[in-house]
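These are my notebook entries on a single structure. I wished to record its sheet, its helices, its empty spaces and a few loop residues.

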Amino acid sequence: MHKNYREAGCFMSILITGFEPFDGESINPSFEAVKLLPDNVNGCEIIKLELPCVFYESISKLEAAIRTHKPSVVLCIGQAGGRFSITPERIAINLDDARIPDNAGNQLVDTPIFADGENAYFATIPIKAMVEAMHKAGIPASVSNTAGTYVCNHIMYGLLHKLTTVPEFDGIRGGFIHVPFSTEQVVNKPDKPGLSTEQIAKGLLACISVCI
Ligand code: PCA
């Protein structure tokens, strides 16, 4: 059985998630980079979880993991193919509007995520400090003001909605970071930028260090 971070002798824990591949890709650089992260950073336990690229099921799996591990911070990571840099997201909106079906075949269009939810939630992680830390580590990074309207915005909204409305989650901070394609994904996409999964992991580690 998993020990929580106190039983494991750590002073805090961070839950960090990546997504499974979607849209015909064979990997998702978000989870590939998460897997490269250490399990402990300066006494902070790093808990890694892969989420399905499926509306709602992703939120249920994330909520269950938050209940099990009781982390101090939750960072969700996803692929934004075509972006040049690692982009902490500022805001999630209460809307699903999918260009393609999710991995279970659901294509939600112009649909609120939670009927009783706020229109939008801001990230509660320090996005500007994260960008600065990534720059210091030599990794291209910038703040993004839109997480889109697909499963990544959905998980960010779902996370912040749960952190705001579930009493046991009081005080937990959360946010979402988009990462570019990995270099192996763009060998056949000459007009698309890529970063190696090692560089993406280095950027995520800089973000984690800011949270600690
Ligand atoms: N990126 C998609 C969903 C899963 C992922 O890694 C998005 O940006 O919505």
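Entry 1, pairing. I began with the term itself: two strands pair if DSSP finds at least two bridges between them. The model is a predicted one. I looked up β5 and β8 and found that they pair in the antiparallel sense over two bridges, so they satisfy the requirement of at least two bridges. One of the residues I checked here was Thr87, whose bridge partner in β8 is His178.

Entry 2, the sheet. In what order do the six strands of the open sheet lie? I read the order as β2-β3-β1-β4-β8-β5, with mixed pairing. At the edges I noted β2 (40–41) and β5 (87–88), each of which pairs on one side only.

I then followed two parallel pairs. Strand β1, residues 12–19, runs parallel to strand β4, residues 73–79, and four bridges join them. In this pair I located Thr17, which stands opposite Cys76 in β4. Strands β4 and β8 are also paired in the parallel sense, over seven bridges. There I found that Val74 has Gly174 in β8 as its bridge partner. I also looked up the cover of β8 and found it mostly covered, with six of its seven residues buried.

Entry 3, helices on the sheet. I next asked which strands of the sheet helix α1 touches. Strands β1, β3 (44–51), β4 and β8 (173–179) are touched by helix α1 (residues 29–36), which packs on the sheet. The direction of α1 makes about 145° with that of β1. Helix α2 (residues 57–69) also packs on the sheet, where I found it touching β1, β3 and β4. Its direction makes about 155° with that of β3.

I returned to α1 for its buried residues and listed Pro29, Ser30, Phe31, Ala33 and Val34. The buried residues of α1 pack against β1, β3, β4 and β8, and also against β9 (181–182) and α5 (197–211).

Entry 4, the largest pocket. I looked up the space in the largest pocket and recorded about 380 Å³. It is lined by 21 residues, and those closest to its centre are Phe22, Gln79, Ala80, Arg99 and Tyr150. I sorted the lining by class and obtained nine nonpolar, six polar and six charged residues.

Entry 5, the cavity. Rolling a probe the size of a water molecule over the atoms shows where empty space is left. How many cavities of 30 Å³ or more does the structure hold? I found one. For the largest cavity I noted a volume of about 40 Å³. Its lining consists of Phe19, Phe22, Asn28, Cys53, Tyr150, Val151 and Cys152. By class I counted six nonpolar residues, one polar residue and no charged residues in this lining. Phe22 and Tyr150 appear in this list and also among the residues closest to the centre of the largest pocket.

Entry 6, positive phi. Most residues other than glycine have a negative phi. I therefore noted two residues with positive values. Asn42, which is not a glycine, has a phi of about 50°. I placed Asn42 in the loop between β2 and β3, and I class it as exposed because its relative accessible area of 67% is over 50%. Tyr56 has a phi near 65° and lies in the loop between β3 and α2. Tyr56 is partly exposed, because its relative accessible area is 31%.

Entry 7, two further loop residues. Is Gly82 buried or partly exposed? I found that Gly82, in the loop between β4 and β5, counts as partly exposed because its relative accessibility is 29%. Leaving aside residues up to four places away in sequence, I found that Gly82 touches Phe181, Lys192 and Pro193. I also looked up its distance to Lys48, 34 residues apart along the chain, and the C-alpha atoms are separated by 25 Å.

I ended with Asn188, in the loop between β9 and β10 (194–195). Asn188 counts as exposed because its relative accessibility is 71%. The C-alpha atoms of Asn188 and Ala206 are separated by 29 Å, with the two residues 18 apart along the chain.

Notes
Residues are numbered from 1 along each chain as its sequence is written. This is a predicted model: local features need pLDDT of at least 70, side-chain atom pairs count only at pLDDT 80 or more; totals for chains, interfaces and linings use all residues. Side-chain values use heavy atoms; hydrogens and water are left out. Contact means heavy atoms within 4.5 Å. Axes are lines fitted to C-alpha atoms, for helices over the stretch in contact, and angles run from 0 to 180 degrees between N-to-C directions. On a 1 Å grid over the protein atoms alone, a cavity is a set of points where a 1.4 Å probe fits but cannot get out, and a pocket is an open set with protein on both sides within 12 Å along at least five of seven lines; lining residues have an atom within 4 Å of a point. Grid points are joined across faces, edges and corners, and a volume is the space filled by probe spheres set on the points. Ala, Val, Leu, Ile, Met, Phe, Trp, Tyr, Cys and Pro count as nonpolar, Asp, Glu, Lys and Arg as charged, and the others, Gly among them, as polar. Buried means under 20% relative accessible area, exposed over 50%, partly exposed in between (1.4 Å probe, protein chains only).
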